[in-house]
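Hi,

Here is the structure I promised to send over. Have a look at it first, then read my notes underneath.

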Amino acid sequence: MLRIYNTRAREKQDFVPIRPGEVRMYVCGMTVYDYCHLGHARVLVVFDMVQRWLRASGYRVTYARNITDIDDKIIKRAAESGEPVEALTGRFIRAMDEDAAALGVEKPDHEPRATQYVPQMLDMIDRLQHKGLAYQSASGDVNFAVRRFPGYGRLSGKSLDELRAGERVEVDRSKEDPLDFVLWKGAKPGEPKWPSPWGEGRPGWHIECSAMSCRLLGAHFDIHGGGQDLQFPHHENEIAQSEGANGQPFVNYWMHNGFVRVDEEKMSKSLGNFFLVRDILKRYDAEVVRFFILRAHYRSPLNYADQNLEDAKQALTRLYTALKGFDLLPDPIDWADARAKQFREAMDDDFNTPEAVAVLFDLANEVNRSRSEKSARLLKSLAGILGLLGRRAGAFLQGMTVTPESIQNLIEARLAARKAKNYPEADRIRKELESAGVILEDGPQGTTWRLR
């Protein structure tokens with residue numbers, strides 16, 4: 001049985017879905033005012049791995065991962081760059097999609113944007129106010145009254161006296177309590193705004209996820225995930241809003257991935273020690289970066305260093321070397337096989353990817369000894385569940401690097417060949433990309449791509 005470490009319970013628990021055979025999962029995604037850094041990449045890859053394993057385990061999964069496209073930082077950055085908010089967020093959403101595709105991250109079933117769910121946010125705020133859990137302050141903002149909600153602090157494990165206000169901007173002095181957090185911000189000159197019963201304004205940061213998750217997955221769903229830094233205040237506030245408005249439990253299992261560290265310090269923009277995904281992909285193959293992330297347990301700190309990425313590159317090379325000479329596609333897995341059982345046991349133990357990867361290396365050693373096609377197929381199939389070894393071994397070992405830029409260049413070359421009616425060359429480019437695990441999808445809006 002799958003066991004998940006539930007942050008709220010502070011222990012591993014048997015996973016029992018609310019609806020038999022079905023999993024509804026929500027993950028906090030990016031605030032799109034800049035390019036993705038490695039911390040964002042970890043969230044994308046970790047919860048992509050989680051949804052892949054849930055599907056491989058036979059569950060019907062509904063996976064939602066939001067995009068925050070209205071926020072103080074977004075407004076500030078748009079003003080600095082002299083462009084409309086929509087243009088700024090559109091540009092960074094496209095960049096995020098490119099980085100995610102390069103890392104083999106599958107698209108979620110739902111990818112809601114905050115600005116699309118303002119009516120649902122207003123409805124939730126209205127219900128909170130009618131229940132006495134929200135009030136409008138003299139500043140015009142509508143705030144959540146934290147001390148009126150029993151159990152606040154349960155997720156972070158702190159009492160109200162230990163907690164501090166977690167708002168992204170300076171605390172509003174007109175709040176009844178410094179811990180109270182904003183649900184609706186009164187309009188300021190030049191900022192995006194929407195009409196509301198409390199005057200024109202825009203949503204606070206926390207309300208968006210409650211409104212979007214409840215609208216898409218229901219008021220009570222199975223799994224909520226995100227980075228460890230969101231545990232407080234964001235997820236704590238989500239619980240208060242959602243349970244306060246709906247009068248029922250919000251989420252059964254809370255999952256948080258660990259921090260990325262650089263020289264044993266938390267990677268963050270405030271410290272200036274962050275690394276953009278697209279800069280890392282100029283130096284390292286995207287699958288190497290994905291492998292580097294998955295080699296660590298999702299709850300453990302991930303230490304970024306060139307040597308660690310070099311080690312990941314060499315380790316992934318060993319796996320691909322075992323498959324050299326085999327031209328295989330992933331097969332249905334015989335879970336009665338001893339190695340497959342070990343893999344399943346590892347993944348069912350709170351998504352223990354380090355142990356699952358160890359099984360892949362055991363299989364690779366077996367393939368190297370015996371050259372067994374059966375073992376090679378199992379290696380490729382199990383790795384495929386983690387989004388690994390999707391290329392032909394020769395393409396990886398010959399050094400074909402998968403980056404958004406290199407893929408886009410080949411897509412443009414293919415388009416030029418098709419325009420020139422040089423169809424053999426266009427087919428050759430498609431096959432070259434397929435050998436590297438890149439699948440092209442032609443549509444009315446042009447050609448998009450994803451990793452196998």
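What share of the residues in the chain is buried? Of the 452 residues, 54% are buried. Keep in mind that this is a predicted model.

Now for the overall build. The chain has 15 helices and 15 strands. Its radius of gyration is 23 Å, close to the 22 Å that the globule rule gives for 452 residues, so the chain is as compact as a globular protein of that length. Along the principal axes, the C-alpha atoms fill a box of roughly 75 × 55 × 40 Å.

Next, contacts. If you take the contacts between residues at least 6 apart in sequence, 73% of them join residues at least 24 apart.

On the outside, the accessible surface comes to about 19,400 Å², and carbon and sulfur atoms account for 48% of that. As for charges, there are 64 positive and 65 negative ones, and their mean positions are 3 Å apart.

I also checked the cysteines. How many disulfides does a search of the whole structure find? Zero. Take cysteine 209: the closest cysteine sulfur, in cysteine 28, is 3.8 Å away from its own sulfur, which is too far for a bond, because a disulfide needs the two sulfur atoms within 2.5 Å. For cysteine 36, the closest cysteine sulfur also sits in cysteine 28, but at 15 Å, so that pair is too far apart for a bond as well. Cysteine 209 is buried, with a relative accessible area of 2%, and cysteine 36 counts as buried at 2% too.

Cheers

Definitions and conventions: Residues numbered from 1 in each chain as written. Predicted model: local features only at pLDDT ≥ 70, side-chain atom pairs only at ≥ 80, totals over all residues. Heavy atoms only, no water. Buried < 20%, exposed > 50% of the residue type's maximum accessible area, 1.4 Å probe, protein only. Helix = DSSP H or I, 4+ residues; strand = E, 2+ residues; numbered from the N terminus. Rg over C-alpha atoms; globule rule 2.2 N^0.38 Å. Contact = heavy atoms within 4.5 Å. Areas by Shrake-Rupley, 256 points an atom, 1.4 Å probe, with all protein chains shown as cover. Lys, Arg positive; Asp, Glu negative; His and termini not counted. Charge placed at Lys NZ, Arg CZ, Asp CG, Glu CD.
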